[in-house]
Structures are given as C-alpha cells and as structure tokens.
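User: I'm new to this structure and would love a close look at one part of it. Could you start with a single loop and then show me how the rest fits around it?

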Amino acid sequence: MSDFYFSQSKLLWTPIQPRTAASEVLRRQINRKHGLRLKDYHDLHKYSVEDYTFWLDLWEFLGVISSVPPRKDRIMEPGRLPEIPIWFPGAKLNYAENLLYRRDDGIALTEAGEKGIMSQVSFRELNERVRAMAAALRMSGLQVGDRVAGEAFPRLSQGGSRLNLLSIAIVTNSVNAVVIALATASIGGIFSSTATDMGTQANCDFYTCCPQLTGVQGVLDRYRQIQPKFVFAETETLYAGKVIDLRPKVSEVIKDLSSKGLKHAVLLPSRITGKELHIPDILTLSNFLGTGDGRPLAFEQLPFSQPLYILYSSGTSGKPKCIVHSAGGVLINSKKDIRMGYNLTSDDTYFQYTTTGWMMWTFMLTGLSCGARLVLYDGSPFHPTVENYLKFVSDQGVTSFGTSPRFLAEIQGRGVKPLDIAPFEALRTMKVTGAIFTPPMFEWTQEAFGKHVHLLSTSGGTDICSAFVTGVSTLPVYAGEIQVKDLGMKVEVFDPSGNNIEHTGQPGELVCTRPHPSLPIAFWGDESGQKLRDAYFSTYPGIWRQADFMVINPATKGIIILGRSDGVLNPSGVRFGSGEIYTIMEQFSGSVDDSLCIGQRRPQDKDERVLLFLKMRQGHKFNPELVNEIKTAIRKGLSARHVPAYIFEVSDIPYTVNGKKIEIAVKQIVSGSNLQPSGTVANPEALQLYYKYRDIERVVGTPMAKL
C-alpha cells in the first residue's frame with residue numbers, strides 16, 4: 001500500500017457532543033446491564049462481535065415492536081445453510097408496524113421534485129393510506145400462506161405455513177411507493193421495486209440526467225425470475241423537464257408478465273397532474289382501492305426471518321441475482337445504522353437522493369421507525385438548476401442528507417459552491433456512498449457544506465441491505481477514510497491465503513467472519529442454496545467475502561475502500577485499487593469529466609497491464625501535455641509502478657442505473673470476453689466503445705495514446 005494514500009488522511013472533523021450520541025448511550029446502557037467497562041466505540045464494537053447477546057441489547061435499545069419478544073436462550077439456531085443461521089426463532093413481529101408506530105399529525109413524508117413540494121403526508125394520513133391499500137390487497141388475494149415462494153424455499157417457512165404473495169412496483173420515489181411497500185409488509189407479503197429509469201438509456205452524459213423507461217429488458221430480467229402476482233406501475237413522470245409517457249413500456253411489461261402468472265396490474269396517477277391515465281383493461285389506483293372492504297389496518301405477526309424484500313445485484317454482464325432479505329434483518333440492522341450513524345430521532349428530517357431500484361430506498365424507509373420525516377425526491381438534481389436543488393435541501397431543514405460521490409464531483413466540476421447558495425443551518429450529517437469517496441473530494445465536500453457537518457462515508461451493499469463499515473459521531477473524521485467497522489459486523493482484511501493482515505497497513509479482501517441478522521436468506525429460485533454459497537462463501541469457505549479491496553490505516557483505524565477486489569490492478573505482481581488512481585485524477589477535475597481505470601489480461605500477455613480511460617469536459621482537449629501531466633502526478637503521488645501502460649480518450653464511461661462505474665465488465669471486454677449487457681446498465685452503448693481495445697497494438701497510433 002502506498003504511503004501516499006495514508007498521507008491524504010487529513011483531520012477534517014471532530015465530535016461536537018459525543019456523550020449524547022446514540023452509540024454512547026448504548027455503550028453506557030450495556031455497561032450498566034452487564035457490569036462491563038467498555039470505554040469507547042472500539043470497545044463497544046469488540047463486544048458486539050464477540051458476544052451474540054449484543055443483538056438482544058440492540059433489540060431493547062432500538063425499541064423493536066413485537067408481539068413475541070426474543071428469548072435470551074434462543075438468539076439463533078441452524079438454518080438452511082450452515083453459514084446463515086435463523087435469528088431469534090420464536091420471536092414474532094411486523095416490519096410495517098415498526099415503521100408506522102406514529103399516528104399523529106406530524107409530517108411523515110414530503111414528496112418533492114423539480115417543481116418543488118408536491119404533497120405532504122402526516123403519520124396519521126400515512127397509516128390511513130396504508131390501511132386502504134392493505135384492505136384492497138387482501139380483497140384481491142394477498143394473504144399470509146398463499147403460494148408464491150413456498151416451493152422455492154421450503155425450509156424458510158416456519159410452523160408449517162407457506163410463504164406469501166409477492167407485489168412489485170415500477171415506481172418513482174413517491175408516497176405511493178411507500179404506501180404499497182408498507183401495505184404489502186403489513187400483510188406479510190414480499191415487495192420488490194424498480195425505478196422508472198430501469199431499462200436502456202441513450203445519449204446520457206451524466207447518470208442522473210435523463211433516466212426513463214426507454215426499454216423493458218431491465219425490468220423483465222428481474223421480474224421474470226420471481227413471477228409476481230401484483231404489479232403497480234407509473235403511467236407518466238417528469239425528468240429533466242421532460243414529460244415521459246410510460247404507458248407503452250408498462251403495457252409491454254404487463255403483457256409479458258401476464259403469461260407468467262401475473263394476476264393484478266394497477267396504474268398509478270400521473271406524477272405531473274395527479275390525474276389517472278388509462279391503459280385498456282387495466283385497473284387505475286382509485287378503482288383498485290375501491291375494492292377494499294374498509295377493514296382496519298392489521299399487522300400480521302410473523303417470524304423474524306420472514307421474507308420482506310427482494311433486491312437485485314447489478315447484473316451488468318448477465319441476469320441480476322434476486323436477493324431475498326428478511327423483515328427482522330432489514331429492520332434491526334438498518335435501524336441500527338441510522339440511529340448510530342445519523343443519530344436520527346423524531347425531530348429530524350432525512351433526505352436520501354435515491355431511486356426505488358437502489359437498496360438505499362429500502363434503507364431510507366427505516367427512518368420512519370425513528371419517527372423522522374422523509375423527503376422523497378424524484379427528478380433530476382440539475383433541473384432547472386443544481387442551485388435550486390441545493391437551496392431546496394437547505395430550505396427543508398434537512399438534518400441528514402444522503403448523496404453520492406458522483407453528484408459531488410459534478411457540482412465541484414461546475415464550480416458550484418453550496419454555501420454561497422444556502423446556509424444549510426440544520427444539516428448535521430451527510431452520508432456519501434455508492435462509489436469510492438476520494439480524499440480530495442472529502443476535503444472539498446467538508447468545506448463546501450460546512451465544517452460543522454459530520455461527513456459520513458459507508459460501504460456495504462445490496463447483498464446485506466446495510467453497511468459493513470460506517471461512520472459514528474463520537475470519533476474524528478479523516479479525509480478519504482470510513483471511520484469504523486459497523487457494530488455487530490466482524491470485518492477483517494484477508495490476504496489471498498486467508499490471513500488477517502489488517503494491522504499491517506497492507507490492502508486485502510473485505511471479509512466478515514461472523515454471521516449477522518441481515519445476511520440474505522436466499523437467492524430466489526436457488527432451492528439448494530448453492531448459488532448463494534458460491535457467491536459469498538466459496539473464496540474463504542464459511543466466511544463472507546464482499547469482493548471489496550480495502551486497507552485499514554494503523555494510525556487512525558480508519559478504513560479505505562480501494563475498489564472492487566475482482567477489479568484489483570495487478571501489473572507485474574503489484575496489487576492496488578482503482579481508487580488510488582481516481583484520487584490522483586481529482587487534480588484534473590477541471591478538464592477531465594470522468595475516468596475509468598481497469599486491468600487488461602490477455603492470453604498472449606505475460607503480465608496484466610493497466611489502462612486509464614478519460615472522458616474530457618466540454619471545451620477541453622485530450623493532448624500529449626495532459627497525458628504527461630497525469631503521468632507525472634501518478635508517479636509522484638503513488639509510484640512508477642502505478643503508472644498505467646496506456647491512457648486513452650473515450651466519449652463515455654459506463655455506469656449502472658444506480659450510478660456505479662462498471663469496471664469489471666470493461667475489464668472483461670478488453671481482455672477478450674463478449675458480453676450481453678443487462679438492463680441495469682444505464683448507458684449500454686458505452687460498453688461498445690471498449691471492444692476495440694482488445695487489439696491494443698492496433699489502436700495505439702499516436703504518441704499521446706501511450707504513457
């Protein structure tokens with residue numbers, strides 16, 4: 001590991017009121033309860049990964065609502081796979097009940113978009129809308145015990161009951177989406193969603209600029225696998241000032257799924273006018289709700305391991321994996337992260353910029369269990385201007401704001417200074433996730449939004465619907481570093497032989513060597529569990545491998561994510577992550593809009609070579625002078641061994657619809673593989689740009705191409 005990366009770890013923020021932080025309150029409570037002397041967060045973490053009693057302590061601290069609490073002598077028991085136990089056997093709860101515990105007139109949801117606030121819904125109103133939706137779902141056949149996945153997961157059902165009907169939604173980030181999800185959960189159904197941007201985008205110069213349902217393959221790649229019985233779909237939406245009629249694509253999806261068991265399809269009102277648009281022979285939302293019988297809202301009491309959500313892997317080079325998460329696991333681990341990291345309470349406003357197709361949407365919903373107001377924003381943050389968007393965040397009194405490194409890099413590149421636009425007086429925490437958050441971008445963001453803001457970076461994933469490493473408000477923040485290992489997550493750094501090397505300052509694999517409640521309970525249709533085991537437990541038998549490349553700073557104990565371990569760069573046996581190169585490239589953000597760094601390994605090559613692709617900003621040219629400047633910066637900042645073999649200009653960088661760079665697929669392409677991109681690639685035409693680099697000797701025709 002280069003000393004350069006640790007040298008970037010500049011102190012940016014120190015705790016303001018550490019004693020009142022949720023993690024400190026929990027630590028003191030555990031000390032009193034068990035007669036312990038845990039001194040700080042690190043002691044608390046050590047206890048949390050050595051004694052499973054921690055999860056009982058957490059249950060009590062978080063105030064989990066249940067009809068049957070967990071037994072102290074039955075925290076977990078063997079599951080279908082030895083690596084994934086059944087947690088809290090015998091306990092009974094309902095996920096939706098935990099999120100809908102408030103029934104007062106405080107604002108629960110603020111629905112907004114490019115035109116500002118569209119609606120506000122109180123907790124009382126939210127409960128009523130969930131009640132009406134749940135009644136209609138029950139009258140249409142959604143009930144505990146119906147067949148959907150019983151045959152696929154025979155050992156997941158408990159007490160002889162079979163698993164539940166499944167509802168899906170092609171929806172914007174809206175009140176309707178939340179209502180459908182919580183109504184399904186209240187009955188004990190399984191919910192799955194995709195955003196209206198799922199499909200194939202074209203001519204997109206930034207991943208948030210123009211998503212729309214321009215293709216149906218991404219939707220069908222997911223939903224054909226799970227064969228839902230209900231589908232809710234938007235009919236019209238607004239993005240970047242453009243009205244998008246979704247009905248032609250929705251019709252195609254419904255027609256396809258109807259041949260695979262779909263029983264009910266419901267159209268949601270227009271996002272622009274609120275009016276109901278029609279497709280022949282398909283119910284509108286008002287008609288569907290009219291089928292309800294007025295029954296009161298009831299929360300089915302179900303096992304902790306009851307399936308709740310199906311989320312999806314990125315599937316950039318094939319069909320995505322359908323990952324089944326449990327109600328209890330999602331609830332306890334995401335509420336833990338929100339309470340410990342954000343210190344979220346009923347006085348707070350939480351705004352996470354996300355689509356319904358990203359795990360951060362399901363994560364965000366758990367903020368309701370803390371009594372917080374959620375801001376549901378759908379639209380481009382750059383329309384009509386990014387200044388409008390930033391002012392909206394400040395004006396809404398957002399206390400916890402979630403965004404991505406890509407968004408921050410874009411506004412930095414445009415010369416936008418947030419504090420010149422709005423004061424962000426209420427903003428207390430800012431979570432940045434979804435990609436590598438480099439030290440220079442850390443520093444810029446801290447200055448841009450205020451030195452009082454706790455800048456919190458995390459890494460986890462769709463696989464666990466929570467974090468492995470995260471932030472905490474009781475410890476300092478250093479540029480480029482994630483502060484701590486998440487409570488209950490026994491994260492270690494392994495070398496290829498399975499040795500823990502975290503104290504050496506050398507990079508390795510992020511692994512989790514102890515089970516936790518939000519492990520996925522299955523892949524849909526993987527009856528033996530072998531596909532799940534192969535995905536996570538095959539590299540180090542019995543140990544979860546996240547496929548992230550990371551290092552721990554011995555001085556600060558901070559964690560640095562260096563990229564996906566499948567994409568680790570390894571020229572002449574020197575292993576490093578793409579994040580190191582991206583850190584250097586921040587110096588060139590004025591002229592370079594984006595970059596992609598991957599390794600190429602072809603059968604005829606003795607060693608892997610590193611390729612760096614640049615997408616130039618408008619008005620700036622790729623030339624030999626720029627190449628030499630980048631060469632010098634990488635050699636000086638890192639080492640001569642980090643210098644890419646070739647630097648090329650490309651017109652586009654491929655991204656997933658959730659804004660993640662697609663490194664692995666490009667690496668496979670330039671190394672000789674032929675890929676059929678799935679619908680989860682936001683700009684699949686960009687992948688075609690890289691096929692010519694298989695024959696790199698033919699491409700290299702000018703001095704500026706080679707470094």
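Analyst: Lys557 sits in the loop that links strand S30 (544-552) with strand S31 (559-564). This is a predicted model, and in it the phi angle of Lys557 is near 70°, a positive value in a residue other than glycine. Is Lys557 buried, exposed or partly exposed? Its relative accessibility is 47%, so Lys557 counts as partly exposed.

Another loop residue makes a good companion to this one. Cys465 lies between strand S23 (459-461) and strand S24 (466-470), again in a loop. Its phi is near 55°, which is also positive in a residue that is not glycine. The surroundings of Cys465 can be read from its relative accessible area of 1%: because buried means under 20%, Cys465 is buried.

A third loop has a feature of another kind. His383 and Pro384 are joined by a cis peptide bond, with omega about 0°. You will find Pro384 in the loop that runs between strand S19 (373-378) and helix H13 (386-395).

Now let's step back to the protein chain as a whole. Its secondary structure comes to 21 helices and 34 strands. Along the principal axes, the C-alpha atoms of the protein chain fill a box of roughly 75 × 65 × 55 Å. For 707 residues, a compact globule would have a radius of gyration near 27 Å, and the 25 Å of the protein chain agrees with that. Of those 707 residues, 64% count as buried. The chain exposes about 25500 Å², and carbon and sulfur atoms supply 49% of that area. What share of the contacts between residues at least 6 apart in sequence join residues at least 24 apart? In the protein chain, that share is 71%.

What lies inside? In soluble globular proteins, nonpolar side chains tend to be buried together. Here, the largest nonpolar core has 86 residues, and Phe88, Tyr95, Leu109, Leu126, Phe232, Leu365 and Leu368 touch the most other members. Helix H7 (residues 175-187) gives the largest share of this core, 10 residues. Apart from it lies another core, of 65 residues, including Ala112, Ile168, Ala409 and Ile411.

Leu365 is a handy place to see how distant parts of the sequence meet. Once its neighbours within four places in sequence are left aside, Leu365 is in contact with Tyr95, Leu99, Val178, Ala181, Tyr309 and Leu374.

Leu109 leads us on to the strands. Strand S6 (residues 107-113) and strand S7 (residues 116-122) run antiparallel and are joined by 6 bridges. Within this pair, Leu109 has Val121 of S7 as its bridge partner. The hairpin joining S6 to S7 passes through 2 residues.

One more piece completes the tour: an open sheet of 3 strands, in the order S2-S5-S15, with antiparallel pairing. Strand S2 (66-68) and strand S15 (302-303) stand at its edges with a single partner strand each, so one side of each has no neighbour in the sheet. Strand S5 (residues 92-93) is joined to S15 by 2 bridges, and these two strands run antiparallel. There, Leu93 stands opposite Leu302 in S15.

Key
Residues are numbered from 1 along each chain as its sequence is written. This is a predicted model: local features need pLDDT of at least 70, side-chain atom pairs count only at pLDDT 80 or more; totals for chains, interfaces and linings use all residues. Side-chain values use heavy atoms; hydrogens and water are left out. Helices (H or I, at least four residues) and strands (E, at least two) are DSSP runs, numbered from the N terminus. Buried means under 20% relative accessible area, exposed over 50%, partly exposed in between (1.4 Å probe, protein chains only). A nonpolar core is a set of buried Ala, Val, Leu, Ile, Met, Phe, Trp, Tyr and Cys residues joined through side-chain atoms within 4.5 Å. Contact means heavy atoms within 4.5 Å. Two strands pair if DSSP finds at least two bridges between them. The radius of gyration is taken over C-alpha atoms; the globule rule is 2.2 Å times the number of residues to the power 0.38. Accessible areas come from the Shrake-Rupley method with a 1.4 Å probe; for residues, only the protein chains shown count as cover.
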